[in-house]
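Here's a walk through this structure, one piece at a time. Keep the 3D view open and follow along.

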Amino acid sequence: MNLFFEESGDFKAGSVLSQAGEAYQVELASGKRSKIKAKDVLLQFTAPDPATLLEQAKAAATEIDLEFLWEVAGQEEFGFAELGAEYFGHAPHPVEAAGLIFALHSAPVYFYKKGRGRYKAAPEASLKAALAGIEKKKQQLLIQAGYVEDLKQNKLPDAMKALALQLLFKPDKNSIEYKALAEACDVMQTSAQRLMLAVGGISSPKDLHLAKFHFENFPKGVAFPAIQVPALPTDLPVADVQAFSIDDVTTTEIDDAFSVVELGDGKLRVGIHIAAPALGIQRGDAIDQIARARMSTVYMPGDKITMLPDDLVNTYTLGAGQTRPALSLYATINTDDWSVIATETKVEAIPMASNLRHNDLDALVTEENLANNAGEYPHKTEIAHIWKWALELEKGRMAKRESFGMKPEQTNRVDFNFYVEDDVVSIVRRKRGAPLDKMVAELMIFANSTWGKLMADHGIPGIYRAQGVAGGRGQGGWAGRMQVRMLTHAAPHQGLGVDQYAWSTSPLRRYTDLVNQWQIIACVEHGITAPLVATFKPKDADLFAIVSGFDAAYSAYADFQNNMERYWCLRWLQQESARQVDAVVLKDEILRLVDIPLVIRLPGMPQTARGAQVKLDILRWDEVDLSVEARLLEVLNTVTELGEDEGMEEELEAELEQEAKAEAANAADSEVVSDVVNDTQPEFENDEDGISANPEITASQENSQP
């Protein structure tokens with residue numbers, strides 16, 4: 001005897017070897033033996049053999065008219081044998097009965113299973129809806145197949161044009177557009193980004209990187225809503241100074257300036273003047289909500305996304321020939337030893353005489369010219385005074401820094417400025433620690449430290465940056481302790497060599513500085529009652545939320561800037577037809593090109609001294625995943641002197657992380673990724689006060705001048 005039975009949701013047939021009560025020992029055609037319960041047996045038959053029955057039954061199932069079978073079944077529950085007698089007009093033979101079971105089981109749209117061998121016909125309304133869904137699915141598959149064919153021919157279907165960014169960065173994986181894109185990528189062995197570039201959904205790798213950043217961080221776009229710019233205060237006293245700023249040629253948010261007044265008897269009064277948008281922006285108003293949502297201006301080579309609307313920036317920026325509200329810190333200095341006799345903070349209006357630019361002055365304001373009083377340039381006398389004071393400020397910081405157990409700052413590094421015009425990039429080398437940089441950095445550190453102490457002395461919270469404080473985040477040991485952190489109370493910044501440091505000098509481009517400016521103004525205007533009237537009272541939980549939000553946003557912006565600088569380095573290689581280039585060894589297999597700040601990993605690099613220069617052959621690069629492949633041609637005799645921290649800072653770590661991701665992307669041909677897993681925050685190009693989390697932090701890293 002043979003049995004046709006159901007086992008684990010499948011139908012099988014086999015020969016009976018033995019029976020014991022309600023169980024059978026059955027041998028399948030494959031030779032496998034199974035113990036089958038009687039309740040699972042659907043048919044007993046002697047012929048044909050089990051393998052033939054299964055083959056013929058499956059063929060018979062395909063010939064059964066499901067619509068007619070559904071009509072015959074009626075609306076009552078039935079057993080397959082009962083329906084078989086109605087459908088075939090006679091008691092079904094084993095092959096017919098098994099075929100009927102296969103047909104019923106394979107048509108859940110027509111028949112609902114109610115038990116072993118028992119079914120019920122679907123209601124008419126449900127059947128019509130299900131059949132309509134099946135037909136719709138068929139049509140969708142046809143449309144999807146058409147999309148796939150278009151994509152394979154490097155054509156972007158019209159229906160996908162408006163969805164290009166969403167398909168790349170936040171797709172609906174149930175949509176036929178996404179399924180078509182995924183299928184085409186699988187067939188063509190490519191990634192979604194590369195395919196979208198090939199078909200014109202994204203016009204260029206640059207636009208791909210920009211679009212990804214915008215989609216993730218500015219999903220509603222980068223345009224500002226219409227706002228009412230607050231009027232400038234008219235009741236401020238006008239300072240008796242002629243202030244000037246020092247910025248890069250691309251800087252439009254001019255929020256710091258300086259003045260020098262000779263008081264006689266060997267004394268000077270140096271003014272540090274910071275634009276004061278806090279006088280016009282109120283906590284919680286429309287402009288504050290915009291600034292808090294963005295947290296910072298986003299910088300990239302050739303472009304930026306400002307934190308504040310242009311109209312407001314233009315109103316409060318310290319433009320030449322204008323008188324603008326400012327928060328001023330005045331330091332009275334004894335020029336005999338350049339010590340600070342007294343400081344005073346004022347809220348006032350500042351007449352701006354000049355906006356000086358690095359591009360015009362760097363070649364003139366050199367250490368040699370300053371020492372010899374040589375060269376002619378605007379505000380020469382004031383700059384000379386500031387330079388001498390800056391040197392003393394630096395000396396004092398270094399003594400403090402060393403008292404914290406840290407080594408002196410390294411100032412022999414080279415920075416790079418990026419300029420992009422009409423998609424042509426210029427990358428200009430610039431030595432870190434140049435006189436103008438040092439002047440601005442030292443005076444900004446002085447202001448941020450002085451105002452940080454002012455807030456602490458008045459008992460109101462602010463947003464501080466601290467380094468070397470016990471219990472820091474990040475890795476354990478020295479690196480963990482030296483992680484730069486943001487706090488709401490004063491704490492030492494050992495890397496800078498100051499007892500406290502509160503970002504306060506860039507309120508037009510950083511939200512933390514705007515918050516601190518509100519707090520500082522409260523100290524100036526209300527004195528000891530400041531804790532009662534300050535914008536943020538002691539223990540204000542919202543201040544912690546701002547710190548957390550700023551950390552997240554600033555880190556994302558820094559990652560994006562690093563990616564875009566790397567992209568423009570690759571564009572420079574193409575633009576300059578650079579194939580054989582010089583590079584300097586930073587560490588082991590890690591090298592940086594001499595002419596541009598492009599860091600690459602060279603697997604298999606022979607052991608070479610740190611700082612050694614080598615010649616590389618650039619084999620290929622990829623502007624999508626930002627990877628570079630090169631080979632070593634020769635080790636040169638030239639040696640580049642590197643700072644002790646160069647090659648170890650967080651910018652390098654971010655570059656290496658990007659390299660690792662690029663390699664992974666190449667191996668799997670996967671999507672572009674740009675997240676940096678460490679929680680350090682690289683400094684910003686064109687940002688007055690960049691960040692560095694390196695234990696050997698320097699003033700120019702913490703306060704890089706655009």
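In this predicted model, start with an open sheet of five strands, which pair in the antiparallel sense in the order S22-S21-S20-S23-S24. Which strands stand at the edges? They are S22 (599-601) and S24 (627-639), and each has a single partner strand, so one side of each is left without a neighbour in the sheet. The sheet isn't flat like a board, either: on average, neighbouring strands are turned by 40° against each other, direction ignored.

Now zoom in on the pairings. Strand S20 (residues 580-587) and strand S23 (residues 612-622) are antiparallel partners, with five bridges between them. If you want a spot to look at, find Val581, which has Leu616 of S23 opposite. On to S24: nine bridges link S23 with S24, and these two strands also run antiparallel. Here Ala612 has Val639 in S24 as its bridge partner. S23 and S24 make up a hairpin, with four residues in between. In that turn you'll find Leu626, whose phi is positive, at about 65°. While you're looking at strands, a general tip: in a regular strand, side chains alternate between the two faces of the sheet.

Next, look for what lies across this sheet. Helix H20 (residues 541-575) lies across S21 (590-593), S22, S23 and S24, and H20 runs at about 90° to S23.

H20 has another partner too, helix H10 (residues 205-217). How do the axes of H10 and H20 cross? They cross at roughly 175° and come within 11 Å. Since an angle over 145 degrees counts as roughly antiparallel, that makes H10 roughly antiparallel to H20. On the H10 side, the residues that meet H20 are Pro205, Lys206, His209, Leu210, Phe213 and Asn217. H20 brings Ala556, Tyr557, Phe560, Met564, Tyr567 and Trp568 to the contact. Sorted by class, the contact of H10 with H20 has nine nonpolar residues, two polar and one charged.

Time for some empty space. The second largest pocket holds about 300 Å³. It is lined by 14 residues, and the closest to its centre are Asn217, Phe218, Gly221, Ala293 and Arg294. You've already met Asn217, in the contact of H10 with H20. Which elements give two or more residues to the lining of this pocket? Helix H11 (286-294) and H20 do, and H11 provides the largest share, four residues. By class, the lining divides into nine nonpolar residues, three polar and two charged.

Finally, head back towards the start of the numbering for another open sheet of five strands. Its order is S4-S3-S2-S1-S5, with antiparallel pairing. The edge strands here are S4 (33-37) and S5 (41-45); each has a single partner strand, so one side of each is left without a neighbour in the sheet. In this sheet, neighbouring strands are turned by 40° against each other on average, direction ignored. Strand S2 (residues 10-20) is joined to strand S3 (residues 23-28) by six bridges, and the two run antiparallel. Within that pairing, Ser15 stands opposite Glu27 of S3.

This sheet has helices lying across it as well. Helix H1 (residues 50-63) lies across S1 (2-7), S2 and S5, at about 155° to S2. Helix H4 (residues 94-105) lies across S1, S2 and S5, and runs at about 160° to S5.

Note on methods. Residues are numbered from 1 along each chain as its sequence is written. This is a predicted model: local features need pLDDT of at least 70, side-chain atom pairs count only at pLDDT 80 or more; totals for chains, interfaces and linings use all residues. Side-chain values use heavy atoms; hydrogens and water are left out. Two strands pair if DSSP finds at least two bridges between them. Axes are lines fitted to C-alpha atoms, for helices over the stretch in contact, and angles run from 0 to 180 degrees between N-to-C directions. Contact means heavy atoms within 4.5 Å. On a 1 Å grid over the protein atoms alone, a cavity is a set of points where a 1.4 Å probe fits but cannot get out, and a pocket is an open set with protein on both sides within 12 Å along at least five of seven lines; lining residues have an atom within 4 Å of a point. Grid points are joined across faces, edges and corners, and a volume is the space filled by probe spheres set on the points. Ala, Val, Leu, Ile, Met, Phe, Trp, Tyr, Cys and Pro count as nonpolar, Asp, Glu, Lys and Arg as charged, and the others, Gly among them, as polar. Angles under 35 degrees count as roughly parallel, over 145 as roughly antiparallel, 65 to 115 as roughly perpendicular and the rest as oblique.
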